[in-house]
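Q: Please take a close look at the empty space enclosed inside this protein. What lines it, and which parts of the chain supply the lining?

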Amino acid sequence: MKTMKTNIFKTYIVLAIATLFLGAGCTKDFQEINTDPVAYGPSTFDPNYTLTTAQLTYTGSIDFSYDTWRGNLIYCSTMMQGLSTVVSYWAGDKYILNEGYTSAYWGNGAVGAYIEQVRPIVDVVEFTKGQQKYSNVHQIARIWKALIFARLTDLYGDVPYSQAGKGYYTSIFNPKYDSQQTIYTDLLKEVEEATNALNASNDKVTGDVIYKGDIEKWKRFGNSLLLRLAMRLVKVDENTAKSYATKVIGKTMTSNADDAFLLHDTGGDRVTQNRNSQVLLGDGGQEHYYVKWSKTTIDLMKNTADPRLGKVAVTKLYLNDGVKTQNTNFDANPAVQKGMPNGKDLSAVAAQNISSDPAYTTIPDYSSPSPNMLKRNGITFILTYAQTELLLAEAAQRWAVGGSAATHYNNGIKAGITGLAPYDASMAIPTTAADTYLLANAFNPASALQQINTQYWLQCNLQMDFYETWSNWRRTGFPVLTPVAYPGNATGGTIPRRFPYPVEEAAKNGANYQAASAAVPGGDKLTGRVWWDK
């Protein structure tokens, strides 16, 4: 399978990457960049190549992890106390607004989600529409498009959706911002329709680097995504949330074998390497030495004797900030793991300096993510069975649908504990360890929602999908996190709720931007809220 994936990536590099930057439906130079997406004619172009592009770029920008570095890591990971750092420009750790960083996921005319994700997936959806020979490609592209836009709207709120990425097809180069409520209504419809339309007897999807064209796995993925989308709405439209959660009972992922992840390789250098690894190995700075697991994450795992702790955390991985060679004698002993408190720095202000931490000894004594999680040819988790079972546990607890909340919770915990092997075979944990953990940390109906969503938070952290950590935390409020108090923060000392719109939008798409900005509950700033975040 590795060979097939490598071949797909190499083909993608040759045939797709040159077209990736031709346009996006809502970035600068709209008319220029919304040109014909391919150099082939309608009878010769294979949309499978572009599907590969969209799958790869969902894991992060091909331009040195541009959005992953700023969005997933600098902001989301630290705001959610998954990671912690004293690197000065990691503004998210202190709730400081860096507009260049908060807009990075949205992007511009060269990088970011709209040009690198939205544009190629819209091309696939539009090109394959009504073509029976690409029926399954079309349906998978609809599901993937929903995945892409779900994250965009979760991060920013109202965003260009219905007209986005369609400049070549519609000549609309200043797309309107759709309301998040409208977007979610359509996402639910699209995923449900596309999932139901998948048919293993139809075309083979050759450009799929997630499931290698396995239609049954895509059906389970689609229904699991539908569940996640539905659960976002519990605070604003509980009836719709319950309705869709009920629809997918018995149709979601059934084991860790259904986990959706993309296996990277180094054949395309930075283009195909794992995005998180490029940053946390220190390719662009000193993140290798100064970015650690947060005290909040490590303390939870230590206090519950979580068997994953000895797999995901190590001390003394790097011995000084100027050397990026890993120390092969790192320490993975769970007993010595120590998380770094959030909101500290290396300044001359004593109370802010990391040395003010009562547990401080040396920087290398804080826990780094295991090197097995940061391989350049490693994986990016996208959606997993463990997450899905925890969401089913919440649905069962809220509405008594889909069976026992305790059973789903236990399934989710076991899957999370035993599901690290895709990172590296050495990270496999036996089921017996999960059973022992559950005996000591049994499901408690009296605090079920907090327990379920605290485990969801931890699961997303360990999958390094901090975008999802942040979204689910905003939805549920669990776990209860203690905000940092850093001087000069932009939120009054509260954890941010959304990313502000890119300031460049005012010049590029002014009227639509102004209307959307004015409509944000709480204002177009870090403390504003998206529609479902009441």
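**The enclosed cavities**

A: In this predicted model, the largest cavity holds about 150 Å³ of space. Its lining is made up of 16 residues, and those closest to the centre are Thr59, Asn72, Arg151, Thr380 and Tyr467. Three elements give two or more residues to this lining: helix H5 (66–79), helix H13 (275–280) and strand E8 (379–383). Of the elements, H5 gives the most, with 3 residues. Sorted by character, the lining of the largest cavity has 7 polar residues, 5 nonpolar and 4 charged.

The search covered the whole structure and found 6 cavities of 30 Å³ or more, so a general word on the method may help. Rolling a probe the size of a water molecule over the atoms shows where empty space is left.

Next comes the second largest cavity, with a volume of about 110 Å³. Here 14 residues form the lining, and Arg151, Asp154, Arg228, Arg232 and Glu468 lie nearest the centre. Arg151 is thus named for both cavities: among the residues closest to the centre of the largest, and among those nearest the centre of the second largest.

Helix H8 (135–156), helix H11 (215–231) and helix H21 (466–476) each supply at least two residues to the lining of the second largest cavity. H8 gives the most there, with 5 residues. This lining divides into 7 nonpolar residues, 6 charged and 1 polar.

Notes
Residues are numbered from 1 along each chain as its sequence is written. This is a predicted model: local features need pLDDT of at least 70, side-chain atom pairs count only at pLDDT 80 or more; totals for chains, interfaces and linings use all residues. Side-chain values use heavy atoms; hydrogens and water are left out. On a 1 Å grid over the protein atoms alone, a cavity is a set of points where a 1.4 Å probe fits but cannot get out, and a pocket is an open set with protein on both sides within 12 Å along at least five of seven lines; lining residues have an atom within 4 Å of a point. Grid points are joined across faces, edges and corners, and a volume is the space filled by probe spheres set on the points. Helices (H or I, at least four residues) and strands (E, at least two) are DSSP runs, numbered from the N terminus. Ala, Val, Leu, Ile, Met, Phe, Trp, Tyr, Cys and Pro count as nonpolar, Asp, Glu, Lys and Arg as charged, and the others, Gly among them, as polar.
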